[in-house]
Amino acid sequence: MVNGSNAFKMTSKELKLKSVEYRKKILKYILQAKAGHTGGSLSATDILNVLYNDVLNVSPENFASPDRDRYVQSKGHCVEALFVVLADQGFFPEEELNTLCKYQSHYIGHPTRKVKGVEQNTGALGHGLPICVGTAIAAKLDNKAYRVFTLMGDGELPEGSNWEAALSAAHYKLDNLCAIIDKNSLQITAATSDVMNTDPLDEKWKAFGWAVKEVNGNDIEELRTAFNSLPFEKGKPSVIIAHTTKGKGVSFMENELKWHHGVPSKEQYEQAMEELDAERINLERLSN
Amino acid sequence: MAEQIHIEPGGDKPNQDVFAETLQRLAASDRNVIAVTSDSRGSGKLVPFGKQFPQQIVEVGIAEQNLVGVAAGLGSCGKKVFAVSPACFLTARSLEQIKNDICYSNHPVTVVGISAGVSYGALGSTHHSLHDFAVLRAINNITIVAPADNFETEKATELAAASGTPVYLRFGKKIMPALKAKNNDSFVFGKGRIITEGNDVAIIANGETVYPAVQAGALLKEQNIEATVVSMHTIKPLDTVLIESLARKCKAIVTVEEHSIYGGLGEAVASFLMQLKSPSTGGVWGGSFKIIGIPDEYTVTGSQIEIFNHYGISKEGIASEVLKLIQQ
């Protein structure tokens, strides 16, 4: 897919259906692996969906090209969402995800470059943004037009390396860089605002010299609109503060701390599938 | 009492000056050679580099975690990156970035620890790096190199640029005399460089301690003790073939390093020797062995040379340890 080529672009309805499909698969593979970061994968699903199906110029065919867009998942623990989307994009056969977290599998519980489509090994928090600053500087040095994206969790923002990188991104006027913060407002211990408050978040990023947009990060149209208006300001890096719901799409997982890395029982899985199928049926009734 | 190391005439320089000059030469013919600095271009002798190639130097300010992360990002785009910062900060504060962003993700970044060991002397232990070999040895996928003289420094810098894999280069600030007046040696990572040959004792050193090791060899020769002195510039991968051949012919082996006695060159050699089966007896190697380095303490106050002398990293100190081993 070529960036900006509308011929292959999906309608919002198609993208919404994709999100339902992705959420079903995320839960399927977490159930099989008996491990996973369920809540955060579900909160980030719509962001990854819009990125890979609507925004990024990256595909299995161009993955070796120096001109491809780059995506680095700083919140590496939500790898199930990434793997499901990469499989859907054709980077590898989806059935390989049956080995997720199994002995000797390449599909470990964090992104690794042994899996085609993964740019960078991540998992330790606060690493994505510095790497993306380097990647975006390389584009500027080489006069290349590719863009660089990183998905961060709101829980990882207290890592100081993020703010070192934020300074340098503004210093070097990296308007080819976009950070997306999956602000689901929960982390493993408690509400993010109780563990270590980072609000008002928009003011912090603005003070660091970034252009900021806030969206509902589980709303396909709002995400598309934001991504389509990059860079938000010429000469500044862009950050999308994506307000999301942890566990999005499954009623009993939404905003529930225990689903941070909770694994559903067989019954809970069936119930989740029922809910997601009902959403799919609703979506299919709608016009595009 | 500070010993003055005798400097041979002939334009010898600090190794980190030679590193910077070599990098500048490499950058002239390859625009993908990039230096990344954390307010460290002055101490890294990279001011001329930055003036000549402003498009090939990236400054991140005093932010070592970002330094290494940015270097990894540049490396992921095909740049031959040299992340240059004092070894003390670079290999401690940004260790996780070295491990994950460079080594685990396998990007062509050379991590350059400048003013290493106790080069900063009386500035004290915040500025000393006596842990870097130890922590980096335990990280997979990085070649660890401490060149001894200007020749080794130039070659190591060229090899690092061409390697396409993670490398750690460690340099000090002291003027380093050439270890050989005429030099036809080859230099490859992972192969120790033999400076002098003798059958009584092997002195295996690296970095700025090789020169006093050579001087100790000369002192011992006056007492008819013949020493093989090796610049074991590469700590990982370790030249175990050379160490085994030294163990076969010498009754005593001494290691010398500007590093904690824990986890560095000495323990790497010791680990190999302990697991080396003697073909004649089937048992372990039976020679005697001593690790010379900085003991497990925050060092005495002093210049680098005073600290060296205090802990026996001097020609007299090394020769004295050799005599003790041989007379056992």
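A:L56 is buried, because 21 other C-beta atoms lie within 10 Å; the cut-off for buried is 20 or more such atoms, with 12 or fewer counting as exposed, partly exposed in between, and C-beta atoms placed from the backbone. Residues are numbered from 1 along each chain as its sequence is written, and chains are lettered from A and ligands numbered from 1 in the order in which they are written. Please keep in mind that this is a predicted model, in which local features need pLDDT of at least 70 and side-chain atom pairs count only at pLDDT 80 or more, while totals for chains, interfaces and linings use all residues.

A:L56 sits in the loop between α2 and β1 (70-73) of chain A; helices (H or I, at least four residues) and strands (E, at least two) are DSSP runs numbered from the N terminus. Neighbours within four places in sequence aside, A:L56 is in contact with A:L51, A:D69, A:Y71 and A:F149, where contact is a C-beta pair, placed from the backbone, within 7 Å. From A:L56 to A:E284, 228 residues apart along the chain, the C-alpha separation is 26 Å.

Now to a helix pair of chain A. The axes of α2 (residues 38-55) and α8 (residues 220-228) of chain A come within 10 Å and cross at roughly 50°. That crossing makes α2(A) oblique to α8(A). On the α2(A) side the contact uses A:D46, A:I47, A:V50, A:D54 and A:V55, and on the α8(A) side A:I220, A:L223, A:R224 and A:F227.

Chain B is divided into domain 1 (15-170) and domain 2 (193-326), with bounds from an automatic or database domain assignment. The C-alpha centres of these two domains of chain B lie 27 Å apart. Here are the residue counts for two contacts:

| Contact | One side | Other side |
|---|---|---|
| Domains of chain B | domain 1: 21 residues | domain 2: 26 residues |
| Chains | chain A: 20 residues | chain B: 22 residues |

For the chain contact, α4 (128-141) and α5 (160-171) of chain A are the elements giving two or more residues to the side of chain A that touches chain B. The largest share of that side, 9 residues, comes from α4(A).

Finally, the largest nonpolar core has 168 residues, and those with the most contacts inside it include A:V133, B:V36 and B:I203. Domain 1 (15-170) and domain 2 (193-326) of chain B both contribute residues to this core, so it lies between them. A nonpolar core is a set of buried Ala, Val, Leu, Ile, Met, Phe, Trp, Tyr and Cys residues joined through C-beta atoms within 7 Å.

Definitions and conventions
Axes fitted to C-alpha atoms, helices over the stretch in contact; angles between N-to-C directions. Parallel < 35°, antiparallel > 145°, perpendicular 65-115°, else oblique. Contact = placed C-beta atoms within 7 Å.
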